[in-house]
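Reader: Hi! Could you walk me through this one?
Author: Happy to, here it comes.

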Amino acid sequence: MLTPLDVLSVETWILMISAIVLFRFYIHKKWQFFKSRSIPYEPPTLLGLGSLVSFIKNPDGIFTRDLEFKKKYGPIFGIYSWLSPVLIIGDSEVLKQIFIKEFSTFPDRQNQFLKVNGKEMNTSLLSTTGDQWKRIRSTLTPTFSSSKLKAMMGIIEQCSDKTMESLKMISDTKGGRFDAKETFGRLSLDVICSAAFSANVHSQEGQETPKIIQMAKKAFSISFASPVMLLLFIFPWLETVLSKFDWSVFPRDMLTYFSGLTETLIEKRKSSELKQRVDLMQLMLNVKVSEEDVKNGATKGMTLNEIIGNSMIMILAGYETTGNAMLFLAYNLATHKDVQEKVQQEIEETIKEYGGLTYNGINNMKYLTMCINESLRLYTPVARNARIADKDITINGLNIPKGTLIHVPVYGMCHDDEYWDEPFEFKPERMEDMNKIDPMLYMPFGAGPRNCIGMRFALMEIKMGFCKLLQKFDLDVCEDTPSAPLKMLFRNSVQAKDDIFLKVVPRCNK
Ligand code: HEM
């Protein structure tokens with residue numbers, strides 16, 4: 001019979017056992033992060049790779065997990081993503097420091113998944129850090145000023161009118177039953193492409209799902225449960241290696257499609273007629289700088305690659321989140337007829353008062369705004385937000401070393417019965433006085449200098465879309481509309497698990 005010493009020498013056995021003991025000791029040391037700071041934490045396990053496996057196995061569990069953990073550990077606690085500590089913070093005072101007062105210590109969302117988005121999208125606002133982010137953000141911010149938004153109103157109205165035409169046809173020929181996910185997705189894509197790039201991408205035309213929608217959907221179907229994602233979580237240094245090969249977490253055909261699209265849009269700008277347009281694309285092209293200028297310390301302007309990458313991210317960020325926000329609002333209004341009637345009344349009064357759907361009129365619609373805010377709370381489009389510490393800092397006695405990743409349980413905070421009465425109910429009245437709502441506990445668009453750059457654009461688009469919709473139609477549920485609360489999926493964004501069919505019924509004399 002073979003003995004262990006027949007297989008390997010004594011020295012090799014000693015070496016192997018020492019390596020295992022040392023490795024175990026190393027892991028143990030890494031997992032002291034929270035204990036040594038007296039921060040409560042979810043106990044990590046070796047085969048659970050800290051707490052990573054439970055997340056990879058069931059990413060959608062994030063909706064209940066964040067709430068359960070808060071009940072178990074309080075608003076500040078830790079989990080381990082394999083060896084890396086992730087500090088979950090749902091405490092308003094600490095968040096205020098992180099997002100606003102100490103922004104210079106927390107300027108970025110993360111240090112992972114920044115270089116594996118494809119070479120163009122690696123330069124987008126979502127993925128850039130430090131001076132590059134500052135330069136691009138300050139270049140893009142003026143695009144979303146009040147005067148620019150006002151100028152884009154007409155375009156948004158035209159896109160909304162196209163949606164109403166197709167809903168009218170559905171109402172005339174199909175009894176009004178429509179796929180709300182598809183309809184609002186197509187509208188939001190049309191709006192962002194038309195308003196920001198003066199491009200007609202035909203996203204609202206035809207019965208078949210247009211190619212642009214198919215490709216945009218691919219960007220949001222990424223699952224955290226893939227083997228490569230797991231490897232990237234376990235070995236973060238792999239990202240540097242993979243980025244050398246321009247490997248991307250996004251499907252290659254989707255990247256090629258969108259970079260081709262934006263390159264074509266840039267090419268079209270060479271015509272003098274389009275150069276007159278004041279849109280996002282022209283604004284970026286007007287301040288185009290070379291790679292050389294950037295190396296020499298330019299603090300304004302964007303390179304061609306950055307223009308392509310940021311055009312892509314605006315299209316994608318503008319499409320999914322806003323489309324979903326409209327879908328959830330439509331669902332909430334269809335299932336709350338009394339609320340819907342009040343919005344319709346407000347629309348009529350606003351049109352009368354302002355002589356039409358004007359920029360000021362739309363912005364002053366208090367009740368519609370309350371419904372949007374409440375819908376964004378109930379079906380939060382971005383479930384978690386994040387920041388990473390750029391240097392050591394202590395906040396309210398909480399010691400946060402450089403490199404610590406902080407996650408904000410946005411969805412959890414929006415559904416916590418400590419802050420909201422009947423949190424799973426749609427109650428717009430609770431949003432009546434926004435001064436009474438803590439902006440750190442309710443942050444659907446993030447907070448501080450790195451909040452959502454498209455927030456005001458999105459809100460205007462939603463308001464215009466619903467003014468048009470509810471002016472002409474009543475929204476209703478169909479036999480197969482899922483009942484509330486909707487089941488959600490946590491992918492690149494928060495999505496409804498099931499198809500959501502709703503019904504439009506034309507309003508008399510409208
Ligand atoms: C209802 C719609 C939307 C929601 C709920 C939403 C939500 C968010 C959130 C939570 C963030 C992270 C903010 C933070 O870290 O504090 C974000 C960032 C961002 N959003 Fe939105 N967003 C929406 C619409 C849009 C639109 C329409 C655009 C483009 C026109 C857009 C472009 C971006 C960009 C580029 C960033 C990165 C900003 C930066 O890092 O500087 N979003 N969004």
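Author: Let's start at the surface: Leu-231 has 39% relative accessibility, so Leu-231 counts as partly exposed (buried means under 20% relative accessible area, exposed over 50%, partly exposed in between, with a 1.4 Å probe and protein chains only). This is a predicted model: local features need pLDDT of at least 70, side-chain atom pairs count only at pLDDT 80 or more, and totals for chains, interfaces and linings use all residues. Residues are numbered from 1 along each chain as its sequence is written, and side-chain values use heavy atoms, with hydrogens and water left out.

Reader: Thanks! Where does Leu-231 lie?
Author: Leu-231 is in helix α10, residues 227–234 (helices, H or I with at least four residues, and strands, E with at least two, are DSSP runs numbered from the N terminus).

Reader: Switching topic: is strand β2 enclosed or open?
Author: Strand β2 (residues 84–89) is largely enclosed by the rest of the structure, because five of its six residues are buried.

Reader: And which strands join β2?
Author: β1 (residues 76–81) pairs with β2 in the antiparallel sense over six bridges, and β7 (residues 405–408) runs parallel to β2, joined by three bridges. Pairing here takes at least two DSSP bridges between two strands.

Reader: Which residue stands opposite Ile-88?
Author: That is His-407 in β7.

Reader: What's in the turn of the β1 and β2 hairpin?
Author: Two residues sit between the strands, and Trp-82 in the turn has a positive phi of about 55 degrees.

Reader: Last one: what does the protein donate to the iron atom of the ligand?
Author: A single donor, Cys-452 (SG), 2.3 Å away (donors are N, O and S atoms within 2.8 Å of the metal, or 3.2 Å for Na, K and Ca; water is not among the atoms, so sites may look incomplete). Cys-452 lies in the loop between α20 (410–414) and α21 (455–472).
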